[in-house]
Amino acid sequence: MINPVEIAWEFSSPATLEDEAPAPVLLVGICDDGKPALIAPLEGSETETKIAALVQAAGFEAKRGQVQIVTSNADGLPGTLVLVGLGKRDRLDRLAVERGFAQAARKLRGGEFPAVAALPALGGEDLAEAIGPIIDGFVLGGYQCATYLPESRIKEAKPVEKVVIIVQGEIDELQRLAGIAQALADGANLARDLTNAPGADLTPPTFAEEVAKLAGPAGVQAEVWKVKRIAAHDMHLLLAVGQGSAEEPRVVKLSYKPEQRTSKTVVLVGKGITFDTGGIDLKRNPESIVGMKGDKGGAAAVIATLLACTKIKPACKVIGIIPMAENSISNKAIKPGDVFPSASGKSVEVADTDAEGRLILADALAYARSLEPDCIIDLATLTGSCMVGLGPQVAGLFCNDDGLAESVLMASDIAGERLWPLPLEILYRPELESEVADLRNIGERYGDAIHAALFLHEAVGDTPWAHLDIAGPAWLDSASASYPEGATGYGVRLLGNFLLGIE
Ligand code: BES
Ligand code: MN
Ligand code: ZN
């Protein structure tokens with residue numbers, strides 16, 4: 001990562017707040033009933049009353065997305081308070097806290113406030129819930145895509161350096177949990193850097209090289225497959241999608257092994273289209289083409305998760321398979337109607353060259369299945385259809401195993417990364433039948449997110465598999481109060497929490 005958000009996390013007991021302010025600035029979440037959201041033992045305390053009085057004096061409405069800096073001369077409170085609007089108390093969740101603190105963290109950038117303190121709004125007994133959304137907010141909110149910016153603009157956006165979280169708990173445990181949260185939020189920022197990189201800078205060969213370079217220091221084993229090895233694995237769909245580009249396709253395989261013995265293996269697969277022009281079925285809408293360097297968001301999330309593994313230490317083996325290609329247009333490019341064999345053994349008629357993600361993923365998933373893992377999860381910026389259905393902030397979940405779906409949804413909840421189940425509807429399966437091959441890569445007009453998932457299902461068979469269509473939440477079209485525009489790093493925290501849930 002070019003510009004990591006390095007923050008020192010310290011912890012201070014609520015008991016000392018009254019005696020000595022742990023930092024000159026205190027961040028506190030406020031609900032729209034005018035009272036702070038606090039956990040025990042500060043909930044219902046004198047501190048709560050004092051903060052509520054400040055909120056009232058400031059006329060702060062505490063809507064989600066509102067942040068206000070106020071000064072205080074109340075005894076037992078620092079001189080400056082940052083009021084973070086969290087909206088309705090009965091709707092309070094991790095994402096509200098993360099976004100509120102992210103917005104505050106953005107406001108505090110620039111070096112004027114090097115050290116701040118923060119009060120947890122959620123969690124109580126659950127220390128991970130108490131500190132996780134605060135850490136996510138600061139690390140994700142402090143992010144800037146700095147690769148092409150001059151020093152002056154990087155300095156202007158210098159993140160807060162130290163955050164003291166005021167929470168009761170054993171210091172070792174708090175530091176351990178903070179380490180996990182920081183590693184995954186750093187991972188999300190790395191995924192953002194990789195996804196935000198222009199198509200000219202990360203082509204499949206340079207993307208693969210970059211990942212191989214990052215893997216060694218992260219304690220993860222990396223293989224980069226070039227064309228010969230890809231062909232030896234019968235990944236003809238991946239080669240086909242890549243053949244229109246001057247840049248060869250690649251497959252990156254990453255492996256993490258836990259220190260203790262384990263019988264469980266999870267394979268993660270990520271769509272790595274470094275740029276999606278649509279191919280001969282060229283994207284006609286200039287608005288839909290400009291963000292297509294973001295078509296490697298699934299790949300970036302899988303890579304960043306694997307690279308975080310030696311820090312978060314899941315108990316299972318984790319393998320990442322990342323197929324990389326540029327979907328370009330040239331006299332060598334695949335043409336609508338072309339038929340190719342695939343790694344699963346099924347032949348495929350390419351009826352639309354813009355439905356390229358499912359082609360490269362089908363080959364990667366067939367290989368993933370051959371490793372006989374306990375489960376496979378793929379992430380892909382796969383369909384505009386999923387965005388139409390679920391909007392820009394929610395990913396679609398397709399799954400052939402109820403137990404796996406439940407675990408993935410639970411991880412999504414913990415991560416604050418929204419996900420909603422969609423059906424592998426067999427009624428639409430006939431639409432993938434082809435006159436000239438085993439399968440066609442598109443169906444009729446409506447339901448493309450489902451058609452794409454059904455197409456992928458053919459490659460994994462009965463292996464427990466979850467497919468996350470992240471076309472919406474992987475990318476932010478314009479800056480919000482909490483995050484800059486561009487890649488969001490969606491999926492890293494979800495996958496990390498999923499892996500940590502495996503015994
Ligand atoms: N990469 C796109 C999907 C996408 C769209 C991602 C918008 C992010 C934002 C994918 O390769 C694609 O082009 N899908 C087509 C499929 C269609 C041709 C059947 C789509 O969704 O229009
Ligand atoms: Mn496409
Ligand atoms: Zn695509």
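Start by selecting ligands 2 and 3: the manganese ion (ligand 2) and the zinc ion (ligand 3) sit 3.2 Å apart, with Asp276 coordinating both. Follow the chain away from them and you'll see that the pair links distant parts of it: Asp276 belongs to strand 10 (residues 272–276), while Asp354 is in the loop between strand 13 (348–349) and helix 11 (357–370), 78 residues apart. Keep in mind as you click around that this is a predicted model.

**Stop 1: the manganese ion**

Centre on ligand 2 and show the side chains of Asp276, Asp354 and Glu356. Which protein atoms hold the manganese ion (ligand 2)? Its protein donors are Asp276 (OD), Asp354 (O), Asp354 (OD) and Glu356 (OE), at 2.1 to 2.2 Å. Note that Asp354 appears with both O and OD in that list. If you'd like to pick the residues out of the sequence, the spacing to look for is D-x77-D-x1-E.

Now turn on angle labels. The six donor atoms around the manganese ion (ligand 2) subtend angles of 70 to 170°, and the arrangement is therefore irregular. For a reference point, six octahedral donors would ideally give 90 or 180 degrees.

Try colouring by accessibility here. Asp276 comes out buried, at a relative accessible area of 3%, whereas Asp354 is partly exposed, at 24%.

**Stop 2: the zinc ion**

Slide over to ligand 3 and add Lys271 and Asp295 to your selection. The zinc ion (ligand 3) takes its protein donors from Lys271 (NZ), Asp276 (OD), Asp295 (OD) and Glu356 (OE), which lie 2.0 to 2.4 Å from it. Asp276 is the bridge to the manganese ion (ligand 2). In sequence, the donor residues of the zinc ion (ligand 3) run K-x4-D-x18-D-x60-E.

Octahedral or irregular, this time? With six donor atoms subtending angles of 79 to 175°, the arrangement around the zinc ion (ligand 3) counts as octahedral. While you're here, click on Lys271: this donor is buried, with a relative accessible area of 2%.

**Stop 3: ligand 1**

Next, select ligand 1 and expand the selection around it. How many residues surround ligand 1? There are 17, and the closest are Lys283, Asp295, Asp354, Glu356 and Gly384. You've already met some of these names: Asp295 is among the zinc donors, and Asp354 is among the manganese donors.

Three distances are worth drawing:

- From a nitrogen atom of ligand 1 to an N or O atom in the side chain of Asp295: 2.9 Å.
- From an oxygen atom of ligand 1 to a polar side-chain atom of Asp354: 2.7 Å.
- From a nitrogen atom of ligand 1 to a backbone N or O atom of Thr381: 3.4 Å.

Switch on surfaces and check the cover: ligand 1 taken alone exposes 520 Å², of which the protein buries 78%.

**Stop 4: a three-stranded sheet**

Go to cartoon view and pick strands 12, 13 and 17. They make an open sheet in the order 12-13-17, with mixed pairing. Strand 12 (339–340) and strand 17 (439–440) are at the edges; each has a single partner strand, so one side of each has no neighbour in the sheet. Is the pairing of strand 13 with strand 17 parallel or antiparallel? These two pair in the parallel sense, over two bridges. To find the register, select Val348 and look across to Leu439 in strand 17.

From here, move to Ser328, in the loop between strand 11 (317–327) and strand 12. Ser328 counts as buried, at 16% relative accessibility. Draw a line from its C-alpha atom to that of Leu476: the two are 148 residues apart along the chain and separated by 24 Å.

**Stop 5: backbone oddities**

Finish with some torsions. Select Ala40 and Pro41, which are joined by a cis peptide bond with omega about 5°. Pro41 is in the loop between strand 2 (25–30) and helix 1 (46–58).

Then open the Ramachandran plot and pick Lys313. Its phi is near 50°, a positive value in a residue other than glycine. Lys313 is in the loop between helix 10 (297–312) and strand 11, and it is partly exposed, at 47%.

Last pick: Glu372, which also has a positive phi near 50°. Look for Glu372 in the loop between helix 11 and strand 14 (375–380); at 70% relative accessibility, this residue counts as exposed.

Key: Residues are numbered from 1 along each chain as its sequence is written. Chains are lettered from A and ligands numbered from 1 in the order in which they are written. This is a predicted model: local features need pLDDT of at least 70, side-chain atom pairs count only at pLDDT 80 or more; totals for chains, interfaces and linings use all residues. Side-chain values use heavy atoms; hydrogens and water are left out. Donors are N, O and S atoms within 2.8 Å of the metal (3.2 Å for Na, K and Ca); water is not among the atoms, so sites may look incomplete. Four donors count as tetrahedral if all angles lie between 85 and 135 degrees; four count as square planar and six as octahedral if opposite donors are over 155 degrees apart and all others between 65 and 115; anything else is irregular. Helices (H or I, at least four residues) and strands (E, at least two) are DSSP runs, numbered from the N terminus. Buried means under 20% relative accessible area, exposed over 50%, partly exposed in between (1.4 Å probe, protein chains only). Two strands pair if DSSP finds at least two bridges between them. A residue is near a molecule or strand if one of its heavy atoms lies within 4 Å of it. A polar contact is a pair of N or O atoms within 3.5 Å; within protein, one must be able to donate a hydrogen and the other to accept it, and residues adjacent in sequence count only if both atoms are side-chain atoms. Accessible areas come from the Shrake-Rupley method with a 1.4 Å probe; for residues, only the protein chains shown count as cover.
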